[in-house]
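Here's a quick briefing to read with the structure open beside it. It starts with a strand pairing and then moves on to the chain contact and the confidence.

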Amino acid sequence: MKRTRHEWTTLETVSMKFLALLLMACVAFGLQAELRGDEVLFEAKVRPLLVKHCYTCHSGKRTEGGLSLDTRTGWQVGGDSGPAIVPGKPDDSLLVVAVSGSNPDLKMPPEATGDRLQQQEIETLKQWIANGAFDPRDVAAKREGMSLEEVPDWWAFRPLLPQIPQIEQAGSSEQIDALIDQSLAMQHLTPTSPTDKRTLIRRVTYDLIGLPPTPEEVQAFLNDNSAEAFSKVVDRLLNSPQYGVKWGRHWLDVVRYADTAGENTDRPLPHAWRYRNWVFDAFNRDLPYDQFVQQQIAGDILQENANESAQNAGVIATGYLAIARRFGHDIDKDVHLMQEDVIDNLGKTFLGLTISCARCHDHKYDPISAEDYYALYGIFQSTRFPFPGCEAKGQPRDLVPLIARQAERAIAEAEQQRDTLAKKVQSLISESSIRLSQSKVGEGGSVPLSAEKLDALQRLQVQQGEVLLLKVLPNASHGADTTLIEWEISDADGDRFWSLSSLIPTLLTGNPNVSKHGTWCFVYFTDGQPRFLTGKYPSVEQRSELQSWSTGETPSVLVNNSVHEIPVWTKLPPASFFVHPGPQDPVAIAWVAPVDAVVNIAGRVADAHPSGGDGVSFEFTHITDAEVGKSLLTLGEISPLVDSRSASPVAYAVVEGTPQNVPLQQRGDPEKPGDVVPRRWLSMFGGEMISTDSRSGRTNLAEWITQNPLFARVMVNRIWQGHFGQGLSTTPNDFGSRGNKPTQLELLDWLTAQFQANDYSIKALHRLILHSNAYQRSGHQESTLIEQDSENRYLSRFERRRLTAEEIRDSLLFVAGELDLSVAEGHPFPPEASWKFTQHDPFTAVYESNQRSAYLMVQRQRRHPYLALFDGADPNSSTATRHVTTVPTQALYFYNDPFFHQQAAKFASRLKDLPEDQVRISKIFQALFQRSPTLVEREIADQFISAYPGNFDEKWSALTRVLMASNEFHYLD
Amino acid sequence: MLNSTLPRRQFLQSAVAGSALFSGIFQQLLASESASLPSGEPHFTATAKRIIFLFMTGGVSHVDTFDPKPALTRDHGKEIKADHPEIKDRPGYERIYLKRPQWEFAKHGESGTEVSTLFPHVSTCVDDIAMIRSMHTSHSNHYNATLGMHTGSFSFARPSLGAWTSYGLGTLNNNLPSFVVIAPKQTYAGTQVYSNNFLPGAYQGTLVVPGSEPIANITPRVSSDRQQLELSALNAFNQSHLKASSDLELTARIRSFETAFGMQMAVPEAFDFKQETAVTLDSYGLQPGQTTGFGWQCLAARRLVERGVRFVELIDTGSSGNWDAHGDMLSHVSLAKNVDQPIAGLLKDLKQRGLLDDTLVVWTTEFGRTPFNNTADAKGREHHPWAFTSWMAGAGVRPGIVHGATDEHGLRAVENPVHVHDFHATILHLMGFDHEKLTYRHAGRDYRLTDVSGHVVQDILI
């Protein structure tokens, strides 16, 4: 299936030469004289014919039906119906079929638009095709792009440049400077001097942990005159858990992380945070970058045989794939769009390649064919993605349980046992039951247990282990009702007495509830089988007087354990016992006879929630097989373990699906399948097939990517960008032919070689870069030099940068003493069972938090208002570089935003304890800028405080706001 | 066309976005760069300087409003066949029947353009309107069609029409944003309908929600004299920070605070209708003191374009309670009443002030509604991407014409069909842009609003 690009290119090259010759020939000798027969035929007859009849709809950008007829490639590839011409076989060529009008569904040109071809013209076409369809037109096909042959020569795709031998001390940061200084000298640029220590520690602290240094940290650094002073700071920062939050956030930008799915209702992804935290953690423990990449693509498979925690981590890491954007009303119908998002991000993130351009047609600029795209598509189609739910298909499924394997085994066993027991009880009920009574309970009605025949409940003979079962069922047109139950059993010949009401204070001690008040079970029936209610709810509707056993919703049993009436959805009378059937599922109370006895039974069933429905029904049965009690009690004992599975943590992650190859989708349309494409690697990198058809091929993919130096180059460039504001290549997501070649290619390759040599340690790479003179330069430069290299491509100075949205917000909280540095987990989304999101009423929320801004809940369909204002990442597509824009609406934030005002006020409130204004002013400058105010600044602040009306808090909050809004706070020098 | 100079460009744009005083510097700096940069200079003479874009959420039925179909009345109840995306594999929709329009149509004005009784006020403006009865779109879902109408992309998030326009043209008033969206609620595509996406953030729409604080953080939290003191101190500290080094980005940020200070006055002033006469208010159907409703949005739009805002989008309703009349077409009555008089008031007001000459008014929805349903007496209509009506007025648009037509039942756009991409190409043309040349390099590709298609609808241009 590999595209025969080689042949094309060879042909193209030949033809280009030919065209040039042709031109010369035309000038020198006249057209006819020098041309071969088929060339003459084409130039004299075929080309004019195609231009006249076909080009209107099939040339340039006009490609009706996907067909271009202005290039050879155009008809070779063909349109939606396949290749238009089969060289040598005119009768098998669709073009001939179309123009001759023999097929009524395929008549060309269309009657409305053009004249039909003359018979003579059709014959010409046939002759041309029969002769082999010579066609020199390859200019458009060649396009501006790169051919497969050119791949090994392209700066990003070739092997790493050999180490440069003349510079010694390879492996140290001096090598970076040696390379940079060389190019500076060539440009006649002079680098700036090293920056001062205060600026440097502020710079490196933000760059590594995204927070300002404390005044104490600055002082310690200033006081440390040792040669290792800077190294100590770097090590301290790299060891801080806040490092992972800062650099993990970079990664989340690139992988377009979001906490919602992005389909039409933008459903929450309550488990996606595990991936987010895995990323932060991976940076913190300096997981080697090749493993970091492999785990995200195939962690579930790579860790299959590892210990449990590594296995879970591997699963969570594939959250990278899982968080792909979902599309449409019914996600399943737009799976091809999700796959595009997956492939698009995979290419950009790991390889700096825009692979998804090849979804509809071969890549215009890079040698990536549509087959390449669908070869990768097959790998992901063989992978099971989690389903986040959508309006058309309901709630989430296919989440991956994170569970200890041993526990899982125990649960599986318990589940089997539960199913056996449930079936046994079901058959005992159906085979050995005597109905004592049954009745409908009308809306708001009350019916005694003895409804049917009074004497059935008097002097009833029961044997130890038999069961009395009171089942309450929903009626036809109404889901269910809260139903009051009173039920007393007394020993007709003694003074023993069992009453449901005596369970009210101790309902939650167990189910089965075993005490001196008897043995009672609370169950419901689903498909005729009994299930225990295992969910224990110590309060209902935030009322601790109400307790319940339930499945989470209905069915349930419920008590009002107080001496007062409790108004909730209805008024629940004091000290009362209720059941609530589900819309389909009856709920039942079972009493297990503790002894052989003759009993009298009294009680009633009442609709406690008259609300316009049609009440409930009940059935009261005596199960006369003494086995049933024991089975029921065992069932009750094992049920909680089985049900605990649904409460176990899950990951939003992928697992292996059904291995399959997919057909190419012509013009990206899933309705137009073409040939099936085997799963394999990109042909530009060799096109290797997956190793076994029985797996998805993700492990192969992870390997192919991480064996290619490209993946390391791309990451090195990102890290460099993180420290210098721009990458060595300024197109970090595009290393293809449209990307920008690095001005310092040797440097990129040298750093990449170091990265490889250090086992892809990202922290080592930081160290290497941070210790260079280039990183530690001053930002101040003479304006003539700035003009000479306005983009600072040659790194003669440090480029000032604005703090990111997250850094600004975190700094405000940090300075105010309000930043919570703990690790955040999930968001306070509404519980999944309550989701009823529709396109008309989609999920939308903004959650406040004092934790680091990298933890803010980010939605795909509704931008977070703060992050959108300050150029936060786009959660819909990979953000490799954040734009910085300065707009007045940002300034409005610093004038009027309540959050901003709060942080300033918090900070200012602590100034009160200080002895005098000058100390206060110093304190603000130290906290915000880690330096003392200058005399001029002291004066401005002094004047402000005396001129500003209002009390202490108002004055000092205002001054704090002004300084928190100032340029110095927002820019790193 | 922006590839190599991109960072510089963004930087310059950001400088100018915050500052009136810097436009001179901006022009100077630009002079040394490529001439094709979008710098507020259109590709050719524009007839429209600004746009008011009226978006009706949910899908307005064309056959009940602006596209008269007598044959549909005649053939009511007749069964038809259609390979329609909304009925494909849908239980209960195996058979479909034509459903007649529920409102009468009549000819209006000198042009004689027919409009139904749902829009009695807009009917009086038909001589200024170019009605496009042959619109069609690429998707039958609300989300996709809404996204498509705003961004030219039917699946993926892309910059919106308003963002492209302000990217291309810049702003005319530095105290106000260049792109404003007035919406009481969000459409089906959320904030994406006014997102900048990969364009710089300066080009995103500023959301105005009718009510007490129309723009986030616009209401001063301290008195003006205090804020003045804060601004002076801020400037003083910033100057001290700037010292000798002249950095345009820092200076731009300083200016942005002055602009924002001005915005706190300019925005309330723009939304303060006290100076409007009773006659004007009345023409929009507004009561004195009213601060919500579509009439308020329309008058606010006029006041914003008067003050130099480039692109004002008005969204009538949100993702529920809108024109999505599956259940009963009668819901069109109150929705039409909500917008009819305000729209007519806006057109007349613009015309009377001479603003209609260079202000383009666009009225549209995401798709039409089916001229059929699964029973002849069904009360509602389904989503219909094959045909709908949009219209334009003012600024270089031929007045009083009808362009294109649907078939006799309003099922398909058959004469001069206008796709959403063509619609966008035409709007950009009126704003002075060749839609194929207004591009932005992102991830290795030059993106444009019209993707890879779009033809200017020449017939509706003067």
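**Strand 20 of chain A and its partners**

In strand 20 of chain A, the residue standing opposite Leu460(A) is Val599(A). Keep in mind that this is a predicted model. That pair belongs to an antiparallel pairing, with three bridges joining strand 6 (residues 460-462) of chain A to strand 20 of chain A.

- Strand 20 of chain A spans residues 597-607, and strand 5 (residues 446-448) of chain A runs antiparallel to it, joined by three bridges.
- In that stretch, look for Pro448(A), which has Arg604(A) of strand 20 of chain A opposite it.
- Strand 8 (residues 483-491) of chain A also runs antiparallel to strand 20 of chain A, and here nine bridges do the joining.
- Leu484(A) is a handy marker for the strand 8 side, with Ala606(A) of strand 20 of chain A standing opposite.
- If you're tracing side chains here, remember that in a regular strand they alternate between the two faces of the sheet.

**Where chain B meets chain A**

- The contact draws 74 residues from chain B and 68 residues from chain A.
- Between them, the two chains bury about 6,000 Å², and carbon and sulfur atoms account for 54% of that.
- On the chain B side, the residues losing the most area to chain A are Asn217(B), Phe237(B) and Arg253(B), which together make up 13% of what that side buries.

**Polar and charged links across the contact**

- How many salt bridges are there between chain B and chain A? The count is four.
- In one salt bridge, the side chains of Lys88(B) and Glu671(A) come together at 3.8 Å, N to O.
- Polar contacts between chain B and chain A add up to 22 residue pairs, counting those with both residues at pLDDT 80 or more.
- Several elements of chain B each supply at least two residues to the side touching chain A, including helix 1 (6-17), helix 5 (142-151), helix 7 (224-242) and helix 8 (248-270).
- Strand 19 (439-442) and strand 20 (445-448) of chain B do so as well.
- Sorted by class, that side of chain B has 31 nonpolar, 29 polar and 14 charged residues.

**How far to trust chain A**

- Chain A has a mean pLDDT of 88, with 94% of its residues at 70 or more.
- Residues 1-34 of chain A have pLDDT below 50, and this stretch has 46 contacts in the model beyond near neighbours in sequence.
- Where pLDDT is low, predicted coordinates shouldn't be read in detail.

Technical notes: Residues numbered from 1 in each chain as written. Chains lettered and ligands numbered in written order. Heavy atoms only, no water. Contact = heavy atoms within 4.5 Å. Buried area = accessible area lost by both parts, 1.4 Å probe. Polar contact = N/O pair within 3.5 Å; in protein donor to acceptor, adjacent residues only side chain to side chain. Helix = DSSP H or I, 4+ residues; strand = E, 2+ residues; numbered from the N terminus. Nonpolar A, V, L, I, M, F, W, Y, C, P; charged D, E, K, R; others polar. Pairing = 2+ DSSP bridges. pLDDT = per-residue confidence, 0-100.
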